Amino acid sequence: MEKELHEQYEYARKRLKQKKGLYFHFVLFVLGSAFMFVANHFLIFGIQSNWAIWVITFWAFLFVLNFIKVYITDRFMNKNWEREQIDKLVAKQQQKIEQLQNQIEDDSSKTQ
C-alpha cells in the first residue's frame, strides 16, 4: 500500500512539474514575442524584413508541441498505461512459450 501511495505522489509531483514548466514557457513566450515584435518594428537593426513573425511562429510551434506532450501524450501514456502494455507483452510471451513447450512435447511423444 505504501508503494502505491509513493507512486501516486511521484506521479502527481511529476505532472505538477510539467504543468509548471508549461506555464513558465507560456509566459516566456508571450513576453519574448512582445519584445521581438517591438524590436522588429521600432528598433532598427539594419534588417528590413519581418523576422519577428518567423521567430514567433517557430516558437509557437514549439510551445504547441510542449502543450501536446504535457496534456495529451503524458496524460494517457502514464505508469498505468506502461504496466498494461508490459502485462500484455508478458502474456503474449508466456503464450508463445507454452505453444513451443506443447509443440516440443508433441514432437517428443511422436518420436518415442
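The following conversation goes through a predicted model, looking at its core, its largest pocket and two residues of helix α1.

Colleague: Which element gives the most to the largest nonpolar core?

Modeller: In soluble globular proteins, nonpolar side chains tend to be buried together. Here the largest nonpolar core has 5 residues in all, namely Phe29, Met36, Ala52, Ile56 and Trp59. Two elements, α1 (2–42) and α2 (51–76), give two or more residues each to this core, and the one that gives the most, with 3 residues, is α2.

Colleague: Which residues does Met36 touch, not counting residues up to four places away in sequence?

Modeller: Met36 is itself a member of the largest nonpolar core, together with Ala52, Ile56 and Trp59 among others. Once residues up to four places away in sequence are not counted, the residues that Met36 touches are Trp51, Ala52, Val55, Ile56 and Trp59.

Colleague: How many residues does α1 give to the lining of the largest pocket?

Modeller: The largest pocket holds about 190 Å³ of space, and the residues that line this pocket include Glu7, Tyr11, Arg15, Asp74 and Arg83. Both α1 and α3 (79–111) supply at least two residues of that lining. Of the elements, α1 gives the most to the lining of the largest pocket, and its share is 6 residues.

Colleague: How many residues of the lining of the largest pocket are charged?

Modeller: Among the residues that line the largest pocket are Glu10, Lys14, Lys79 and Glu82, each of which counts as charged because Asp, Glu, Lys and Arg are placed in that class. The lining also has 2 nonpolar and 2 polar residues, while the number of charged residues is 8.

Colleague: Why does Arg15 count as buried, and which residue has its backbone oxygen 2.6 Å from a polar atom of the Arg15 side chain?

Modeller: Arg15, which is found in helix α1, has a relative accessible area of 10%, and it counts as buried because the cut-off is under 20%. Leaving out residues up to four places away in sequence, Arg15 touches Val70, Asp74 and Arg75. The backbone oxygen that lies 2.6 Å from a polar atom of the side chain of Arg15 belongs to Val70.

Colleague: Is Asn40 buried or exposed?

Modeller: Asn40 lies in helix α1, and, leaving aside its neighbours within four places in sequence, this residue is in contact with Ser49, Asn50, Trp51 and Ala52. Its relative accessibility is 12%, and because buried means under 20%, Asn40 counts as buried.

Methods: Residues numbered from 1 in each chain as written. Predicted model: local features only at pLDDT ≥ 70, side-chain atom pairs only at ≥ 80, totals over all residues. Heavy atoms only, no water. Core = buried A, V, L, I, M, F, W, Y, C linked by side-chain atoms within 4.5 Å. Buried < 20%, exposed > 50% of the residue type's maximum accessible area, 1.4 Å probe, protein only. Helix = DSSP H or I, 4+ residues; strand = E, 2+ residues; numbered from the N terminus. Contact = heavy atoms within 4.5 Å. 1 Å grid on protein atoms, 1.4 Å probe; cavity = no way out; pocket = protein on both sides within 12 Å on 5 of 7 lines; lining within 4 Å. Points joined across faces, edges and corners; volume = space filled by probe spheres on them. Polar contact = N/O pair within 3.5 Å; in protein donor to acceptor, adjacent residues only side chain to side chain.
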